[in-house]
Amino acid sequence: MTHPPTPTQLIDRFGRTVDYLRISITDRCDFRCVYCMAEDMTFLPRAQILTLEEIYTLAQAFAELGVKKIRVTGGEPLVRKGALELLQNIGSIENLDELVITTNGSQLETMAADLKEAGVKRINISLDTLDADKFKSITRTGDLHQVLKGIQAVKSVGFERIKINSVILKDRNHLEVCDLVQFAVDNGIDISFIEEMPLGIVSQHDRSEAYYSSALIKADLARDFSLVATAEKTGGPSNYFSVVGSQTRVGFISPHSENFCSTCNRVRLTVEGQLLLCLGNEHSVDLKKVLRANPGNRDVLKQAIIDAMQIKPEKHEFNIHEQPVILRHMNMTGG
Ligand code: SAM
Ligand code: SF4
């Protein structure tokens, strides 16, 4: 019997090509950000999470199916033992154009040089405030100065296009948007503002009351900066603006106010090996099960990934005015 040739591109029912994979390599984290986690989290037992070898195998399978960019995230990816070696391995996969990471920055002071060496091309660092007390209250356990030292470390080892991610919450950090952009300008880095998404139940605030839209942020920034829209799209949800007179670009990720699903090019792999077809829906396929039931059989794994494209939903349906429908917290899927 002849089989049809394996496609080398992942295309969903809506004609979108999926060439970007985000992998959450751990659900654990040294911070407990109020919008991301509950204060008291139970993390997954080891047997339930993918091993580093399994993550590498999956990354290879995706690259063979046309994925060009992989973002390693978490939880805090850099607290997983063996993260550097995994990054090195993923970084050397043939056909992969870009390996990037998202981190809270706590480990960067010591790991920046090794990350560069491992082949990581770009780093996104979460930073919601420049006020040390507020930083502590948002992250519950984090130390602002450690993160600032981490940012300097990645600059000094030569990373380019470093980007800060800031989740803006009304009455917590919304008054700081200009200071954060000024920080980005002073450091020659980019910044994206993110509207909070209703993922998992959080205890410290009411998400509809804390909602601060991208439009409000833009209006606040207009008082201090001239922003010019750029045509640039990274294939992602961000709309970018350049700050006149600087190298800095400001992005806005607006899951509520501007739906970006029609150009979605990504899927996510959770630390449990679930392939999530959409951040805002539960549609998923258990790739860990496929992997463990068919050791060494890359073809079966690849077919499962190809088949999964048939259930990628058209768009997310977030509603911050209701209790979250999506019960998983962001640390399970990675941002
Ligand atoms: N620990 C790393 C970090 O904080 O950058 C990587 C994982 S974290 C889940 C990735 C991104 O998701 C961070 O920029 C974080 O601010 C964002 N995030 C977490 N929970 C969110 C939520 N409920 N809505 C929007 N963004 C969220
Ligand atoms: Fe940890 Fe990142 Fe979630 Fe904050 S946003 S708790 S740093 S995983």
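**Notebook: strand S11, its sheet and two ligand sites**

I began with one residue pair in this predicted model: across the hairpin partner strand, Phe-241 is the bridge partner of Val-250 in S11. The pairing to which I then turned is that of strand S10 (residues 239-243) with S11, which is antiparallel and runs over four bridges. Between the two strands of this hairpin I found five residues, and among the backbone angles I noted Gly-245, which takes a positive phi near 85°.

Next I looked up the pairing of S11 with S8. Strand S8 (residues 190-194) and strand S11 (residues 249-253) run parallel and are joined by four bridges. Val-250 turns up here too, as the bridge partner of Ile-191, and further along I recorded Ile-253 of S11 as the partner of Ile-194.

I then asked myself which residues of S11 lie on each side, and whether they are buried or exposed. As general background, side chains in a regular strand alternate between the two faces of the sheet. In S11, Arg-249, Gly-251 and Ile-253 lie on one side and Val-250 and Phe-252 on the other, and all are buried, so that both faces are covered. The count agrees, with five of the five residues of S11 buried.

Arg-249 made me pause, and I checked this residue of strand S11 separately. Its relative accessible area is 13%, and because buried means under 20%, Arg-249 counts as buried. Setting aside the neighbours within four places in sequence, I listed its contacts as Arg-161, Asp-190, Ile-191, Glu-232, Tyr-240, Phe-241 and Ser-242.

Stepping back to the sheet, I wrote down twelve strands in an open arrangement with mixed pairing, in the order S9-S10-S11-S8-S7-S6-S5-S4-S3-S12-S13-S14. Strand S9 (227-229) and strand S14 (284-286) stand at the edges, and because each has a single partner strand, one side of each is left without a neighbour in the sheet. From one strand to the next the twist averages 25°.

For the chain as a whole, I noted eleven helices and 14 strands. Of its 335 residues, 55% count as buried. Among contacts between residues at least 6 apart in sequence, 74% join residues at least 24 apart.

I also looked up His-174, which is found in the loop between strand S7 (163-167) and helix H6 (177-187). At 15% relative accessibility this loop residue counts as buried, because the cut-off is under 20%. The side chain of His-174 reaches the backbone nitrogen of Asp-171 at 2.8 Å, and beyond its neighbours within four places in sequence, His-174 is in contact with Ile-168, Leu-169, Tyr-212 and Asp-220.

Turning to the ligands, I found 19 residues around ligand 1, of which Tyr-35, Gly-75, Thr-103, Ser-126 and Met-197 come nearest. Where do the nitrogen atoms of ligand 1 have polar backbone atoms close by? A backbone N or O atom of Tyr-35 lies 3.0 Å from a nitrogen atom of ligand 1, and a polar backbone atom of Met-197 is 2.7 Å from a nitrogen atom of the ligand. With Ser-126 the side chain takes part, one of its N or O atoms being 2.6 Å from an oxygen atom of ligand 1.

Around ligand 2, I listed Cys-29, Phe-31, Arg-32, Cys-33, Cys-36, Met-37, Gly-75 and Asn-104. This shell divides into five nonpolar residues, two polar and one charged. My last entry is that Gly-75 appears both among the residues nearest ligand 1 and in the shell around ligand 2.

Technical notes: Residues numbered from 1 in each chain as written. Chains lettered and ligands numbered in written order. Predicted model: local features only at pLDDT ≥ 70, side-chain atom pairs only at ≥ 80, totals over all residues. Heavy atoms only, no water. Near = heavy atom within 4 Å. Nonpolar A, V, L, I, M, F, W, Y, C, P; charged D, E, K, R; others polar. Buried < 20%, exposed > 50% of the residue type's maximum accessible area, 1.4 Å probe, protein only. Polar contact = N/O pair within 3.5 Å; in protein donor to acceptor, adjacent residues only side chain to side chain. Contact = heavy atoms within 4.5 Å. Pairing = 2+ DSSP bridges. Axes fitted to C-alpha atoms, helices over the stretch in contact; angles between N-to-C directions.
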